[in-house]
Amino acid sequence: KQALQYGVGDGPASGPRYCTGDVFKYLYQRVARASERSGRSVSIVLLTLRGKQGGLYPTARVMTQAMGHIKQLILGGLLRKSDTVARYSRSQFIIMLSVDKPASARQVMERIREHCAPHLEPLDMEIVFANTELEPKG
């Protein structure tokens, strides 16, 4: 199993990074230090799939199918090459966005929701987001 993969294309310049949880933690520490120097904000987004409106939790097969669709869509062009994604749990992805302002993170979350909704609608599922901003010091 590869610890670090890239989205569309064949290499680092081609799309967002997809990695294991351990690699994500390591990259987060590096990005957090770099954001202090550069003045850029970093947004950590937790994407959770669940049954619509708090409904029944989907079966393992349905959840695996839905998470696969979401991963393909996210890595297929919904994020920038400077962003990083990891599987956080059976029903969650964690995403690190390098952004100029918090509103940019909200725009990314809305774009993900809009593009993924048609794939989740037949499964009676929805995406819920939680996010936090790491503001640069200084």
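Q: What share of the chain's contacts with a separation of 6 or more comes from residues 24 or more positions apart?
A: Such residues account for 68% of those contacts. The model is predicted.

Q: How many helices and strands does the chain have, and what pattern do they follow?
A: The secondary structure comes to 3 helices and 6 strands. Read along the sequence, the pattern is β-β-α-β-α-β-β-α-β.

Q: What percentage of the residues count as buried?
A: The figure is 39% of the 138 residues of the chain.

Q: Which strands pair with β3, and in which sense?
A: Take β5 first. β3 and β5 pair in the antiparallel sense over 8 bridges. Two pairs let you find the register. Ser41 has Val99 in β5 as its bridge partner. Val42 stands opposite Ser98 in β5. Then turn to β6, residues 125–134. β3 and β6 also pair in the antiparallel sense, over 10 bridges. There, Gly51 has Met125 as its bridge partner.

Q: Why is β3 described as largely enclosed?
A: Count its buried residues. Strand β3 spans residues 41–51, and 9 of its 11 residues are buried, so the rest of the structure largely encloses it.

Q: What does Ile44 show about β3?
A: Ile44 is found in strand β3. Buried means under 20% relative accessible area. Ile44 has 14% relative accessibility, so it counts as buried. Now look across the sequence. Ile44 and Met96 are 52 residues apart along the chain, yet their C-alpha atoms are separated by 4.7 Å.

Q: Which residues does Ile44 touch, not counting those up to four places away in sequence?
A: Ile44 touches Ile94, Ile95 and Met96. It also touches Ala130, Asn131 and Thr132. Phe24 and Tyr28 complete the list.

Q: How many residues of β5 are buried, and on which faces?
A: β5 is mostly covered, with 8 of its 8 residues buried. Both faces are covered. One side carries Gln92, Ile94, Met96 and Ser98. The other carries Phe93, Ile95, Leu97 and Val99.

Q: How many residues lie between β4 and β5 in their hairpin?
A: The two strands form a hairpin with 2 residues between them. β4 covers residues 84–89, and its pairing with β5 is antiparallel over 5 bridges. For one pair to inspect, take Val85, whose bridge partner in β5 is Ile95.

Q: Is Gln92 buried or exposed?
A: Gln92 is found in strand β5, residues 92–99. Its relative accessibility is 15%, so Gln92 counts as buried.

Q: Which side chains make polar contacts with the side chain of Gln92?
A: One is Thr48, joined to Gln92 by a polar contact of 2.9 Å between side chains. Another is Ser89, whose side chain makes a polar contact with that of Gln92 at 3.1 Å. Next, list the contacts of Gln92, leaving aside neighbours within four places in sequence. They are Leu46, Leu47, Thr48, Met67, Ala86 and Arg87.

Q: How are two packed helices described?
A: By the angle between their axes and the distance between the axes. Here, take α2, residues 60–78, and α3, residues 102–120. Their axes come within 10 Å and cross at roughly 135°. The two helices are therefore oblique to each other. Their crossing is right-handed.

Q: Which residues of α2 and α3 meet?
A: From α2 come Ala66, Ile70, Leu73 and Leu78. From α3 come Val108, Arg111, Ile112, His115, Cys116, His119 and Leu120.

Q: What separates the C-alpha atoms of His69 and His119?
A: They are separated by 7.3 Å, with their positions 50 residues apart along the chain. His69 is found in helix α2. At 27% relative accessibility, His69 counts as partly exposed.

Q: What sign does phi usually have?
A: Most residues other than glycine have a negative phi. Asp124 has a positive value, near 55°. Asp124 is found in the loop between α3 and β6. Its relative accessible area is 48%, so Asp124 is partly exposed.

Terms used: Residues numbered from 1 in each chain as written. Predicted model: local features only at pLDDT ≥ 70, side-chain atom pairs only at ≥ 80, totals over all residues. Heavy atoms only, no water. Helix = DSSP H or I, 4+ residues; strand = E, 2+ residues; numbered from the N terminus. Buried < 20%, exposed > 50% of the residue type's maximum accessible area, 1.4 Å probe, protein only. Polar contact = N/O pair within 3.5 Å; in protein donor to acceptor, adjacent residues only side chain to side chain. Contact = heavy atoms within 4.5 Å. Pairing = 2+ DSSP bridges. Axes fitted to C-alpha atoms, helices over the stretch in contact; angles between N-to-C directions. Parallel < 35°, antiparallel > 145°, perpendicular 65-115°, else oblique. Left-handed = near helix turned anticlockwise from the far one by under 90°.
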